[in-house]
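Here are my notes on the model you passed along. Have it open while you read, and follow the points in order.

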Amino acid sequence: MGELREPLRELIDCGLPQALEVMGERWSFMILRASFNGLKHFEEFLTELGIARNILSNRLAKLVEHGILKREPCADDRRKIEYRLTDKGFDLLPAMIALRQWGQKHGSEFVVEDPVLVDALDRLPIGPVSILSHDGRILNHTDLNMIRRGDVGKRLDGTVATPGPALDRGSVVDMETARKAAAS
């Protein structure tokens with residue numbers, strides 16, 4: 001994937017090992033999935049997931065410690081605790097959906113999911129999670145490259161690229177315009 005290779009032995013300078021340290025086992029993902037589905041109480045997680053009490057307690061504590069979930073008193077009964085997703089937790093949604101889609105595509109059995117995850121606006125199934133360029137082009141592994149931070153934006157022909165406007169929630173990219181801009 002490019003001109004350089006990541007220093008694979010240097011675990012500190014890469015986000016993947018850090019993410020795996022927090023999320024790298026099944027129950028953490030299952031708790032996160034349950035949180036995205038609206039579960040908030042210890043007993044709900046326990047019942048719905050079929051997880052052992054000690055494992056659930058341990059995983060919830062770890063997710064809270066890493067700022068993925070936060071503990072808050074219940075609004076209707078201050079003696080009870082709710083586990084709520086933080087912004088950091090919500091940022092894991094694309095990774096969760098990508099793993100789910102990968103499992104649907106490559107799992108040992110074909111899974112027809114019900115309910116179906118849809119776009120709230122038009123209620124059609126979401127598309128595949130993709131790697132997007134700065135201007136919204138869908139990339140695959142052949143479009144990726146590793147370079148030194150100081151060379152970001154320097155094209156092979158010597159010209160310098162500048163990022164276009166940032167994509168935001170709900171952004172729609174005209175791919176024809178993006179192609180023409182990339183060609184120039």
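1. Let's begin with the contacts. Among those in the protein chain with a separation of 6 or more, 50% are between residues 24 or more positions apart. Bear in mind that this is a predicted model.

2. Now the overall layout. The protein chain has 7 helices and 4 strands, and from the N terminus on they run α-α-α-α-β-β-α-α-β-β-α. Of its 184 residues, 20% count as buried. The accessible surface of the protein chain is about 14,300 Å², with 55% of that belonging to carbon and sulfur atoms.

3. Helix H4 is worth a look. H4 covers residues 53-65, 13 residues in total, and spans 18 Å from first C-alpha to last, close to the 18 Å expected at 1.5 Å a residue. Just past H4 you'll find Gly67, with a positive phi near 75 degrees.

4. Which residues of H4 are buried? They are Leu56, Arg59, Leu60 and Leu63. Viewed down the axis of H4, the buried residues fall within an arc of 100 degrees, so they line one face of the helix. Note that an arginine, Arg59, sits in that buried set along with the leucines. Asn54 and Glu65, on the other side of H4, are exposed.

5. What covers the buried residues of H4? The cover includes helix H1 (15-23), H2 and H3, together with strands E1 (69-73) and E2.

6. On to the aromatics: searching the whole structure turns up 2 aromatic pairs. One of them is Phe36 with Phe90, a tilted pair at 6.0 Å centre to centre and 55 degrees between the planes. Phe36 belongs to helix H2 (residues 26-36) and Phe90 to helix H5 (residues 87-90), so this pair ties together parts 54 residues apart in sequence. Both rings belong to partly exposed residues: Phe36 has 24% relative accessibility and Phe90 has 46%.

7. Then there is Phe45 with Tyr83. Their ring centres are 6.5 Å apart and their planes are at 70 degrees, so the pair is edge-to-face. Here, too, distant parts of the chain are linked: Phe45 is in helix H3 (residues 42-49) and Tyr83 in strand E2 (residues 81-85), 38 residues apart. Phe45 and Tyr83 are both buried. H3 and E2 also appear in the cover over the buried residues of H4.

8. One last side-chain detail: Arg26 lies over the face of Trp27, 4.7 Å from the ring centre.

Notes
Residues are numbered from 1 along each chain as its sequence is written. This is a predicted model: local features need pLDDT of at least 70, side-chain atom pairs count only at pLDDT 80 or more; totals for chains, interfaces and linings use all residues. Side-chain values use heavy atoms; hydrogens and water are left out. Rings of Phe, Tyr and Trp (its six-membered ring) pair if their centres lie within 6.5 Å; planes under 30 degrees apart count as stacked, over 60 as edge-to-face and the rest as tilted. Helices (H or I, at least four residues) and strands (E, at least two) are DSSP runs, numbered from the N terminus. Buried means under 20% relative accessible area, exposed over 50%, partly exposed in between (1.4 Å probe, protein chains only). A charge sits over a ring if NZ of Lys or CZ of Arg is within 6 Å of the ring centre and within 35 degrees of the ring normal. The expected span of a helix is 1.5 Å times one less than its number of residues. The arc is that of the directions from the helix axis to the C-beta atoms. Contact means heavy atoms within 4.5 Å. Accessible areas come from the Shrake-Rupley method with a 1.4 Å probe; for residues, only the protein chains shown count as cover.
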